[in-house]
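Colleague: I would like to go through the ligand site and then the backbone. Please put the model up.

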Amino acid sequence: MDVATPRRTKEIIERHGFSFKKSLGQNFLIDPNILNKIVAAAGLDATKGALEIGPGIGALTQQLAREAGKVAAVEIDRRLIPILQEVLEADENVRIVHGDVLEIDLQALFKEQFGEVSGVSVVANLPYYVTTPILMKLLEERLPLENIVVMIQKEVAERMAANPGTKAYGSLSVAVQYYAVPELVCIVPHTVFIPQPNVDSAVIKLAMRDKPAVDVADEDFFFRTVQASFAQRRKTIHNNLSSWLGKDKREELTRILESTGIDPVRRGETLSLQEYASLTAALETHGLKG
Ligand code: SAM
């Protein structure tokens, strides 16, 4: 029987005497249509694996078990482990792992769980209080991932998918788009959760790139340059960078920006990833490494 209906979810919760912990971002999905959209976006089949973060009482896990060859689900809340074991009893391709996804060794988990599959995607309804740290961990660890399909806060999804020149474009857009191609799958009303969150949600798909979107010699410096460029959104790129690198570098900075074809009066939010890569390279050439 499907978990993702209001009746079945309430029945499981009441029978186990489970109480929601707001601090763990526990908002469980009760709409099978939304679950189907999430799972369809991941493009799974019996040869593929799925890593779920925060399975809750197993609504999405159950669907993943039907579509994927292997599912590993990492849940932080110990109280949910016996519930998951009961709900997923018949699904032999599911492995439930008790732990904090931010702490566990994902490379080791991949080796143990996904040795036999031809590709792995992360599919999850993420806890909103740690969405960005979780996604940055997945992206930065360079796990062998095909797609990341996640339900997150709508506003964060819009920032990840934003194009240069828009209000939502910022350092998060650059970081995500460096590793992946984002696509907003759908906007989700708050009525499909128990309990209902205060914010709107969206499903976003990040199709992982084989190699980063732009070539950079020093990734850490690239991301620090991007952060510094957005430090004060109303300021020009020239002002933000000179606050970071030192006021005595103002003239040199003007020349570097101009030599890269970037007008110093532009704002950080107008620069493309390629422009950030060129800017980083030019700063490095001139020994300006913040
Ligand atoms: N997947 C379920 C669903 O869609 O109904 C539950 C989603 S709920 C938004 C988020 C889940 O993530 C909760 O079960 C919560 O306990 C779990 N969680 C929160 N922080 C976590 C962490 N750091 N590592 C692993 N799981 C976490």
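Colleague: Which residue has a polar side-chain atom 2.9 Å from an oxygen atom of the ligand?
Modeller: This is a predicted model, where local features need pLDDT of at least 70 and side-chain atom pairs 80 or more, while totals for chains, interfaces and linings use all residues. Residues are numbered from 1 along each chain as its sequence is written, and side-chain values use heavy atoms, leaving out hydrogens and water. The residue with that polar side-chain atom, 2.9 Å from a ligand oxygen, is Gln26.

Colleague: Which residue has a backbone N or O atom 3.0 Å from a nitrogen atom of the ligand?
Modeller: Two backbone pairs involve ligand nitrogen. In one, a polar backbone atom of Ile76 is 3.4 Å from a nitrogen atom of the ligand. In the other, at 3.0 Å, the backbone N or O atom belongs to Val101.

Colleague: How much of the ligand's accessible area does the protein cover?
Modeller: On its own, the ligand has 600 Å² of accessible area (Shrake-Rupley, 1.4 Å probe). The share of this that the protein covers is 99%.

Colleague: How many residues surround the ligand?
Modeller: The shell takes residues with a heavy atom within 4 Å. Leu29, Gly54, Glu75, Asp100 and Asn125 are the closest. By class, the shell has 11 nonpolar, seven polar and four charged residues. The number surrounding the ligand is 22.

Colleague: Where does the ligand sit?
Modeller: A pocket is an open set of 1 Å grid points where a 1.4 Å probe fits, with protein on both sides within 12 Å along at least five of seven lines; its lining has an atom within 4 Å of a point. One such pocket has a lining of 32 residues, with Leu24, Ile53, Gly54, Glu75 and Pro127 nearest its centre, and holds about 430 Å³ of space. The lining divides into 21 nonpolar, eight polar and three charged residues. This is where the ligand sits: the largest pocket.

Colleague: How much space lies in the second largest pocket?
Modeller: Its lining is made of 14 residues, and those closest to the centre are Lys22, Gly25, Asn27, Pro197 and Asn198. Six nonpolar, six polar and two charged residues make up this lining. The space in the second largest pocket is about 270 Å³.

Colleague: Which residue is joined to Ile194 by a cis peptide bond?
Modeller: The omega of this bond is about -20°. The partner is found in the loop between strand S8 (193-194) and strand S9 (201-208). The residue joined to Ile194 is Pro195.

Colleague: Which residue has a positive phi although it is not a glycine?
Modeller: Its place is in the loop between helix H6 (131-140) and strand S6 (145-153). The phi is about 55°, and the residue is Arg142.

Methods: A polar contact is a pair of N or O atoms within 3.5 Å; within protein, one must be able to donate a hydrogen and the other to accept it, and residues adjacent in sequence count only if both atoms are side-chain atoms. A molecule sits in a cavity or pocket if more than half of its atoms lie within 2 Å of its grid points. Ala, Val, Leu, Ile, Met, Phe, Trp, Tyr, Cys and Pro count as nonpolar, Asp, Glu, Lys and Arg as charged, and the others, Gly among them, as polar. Grid points are joined across faces, edges and corners, and a volume is the space filled by probe spheres set on the points. Helices (H or I, at least four residues) and strands (E, at least two) are DSSP runs, numbered from the N terminus.
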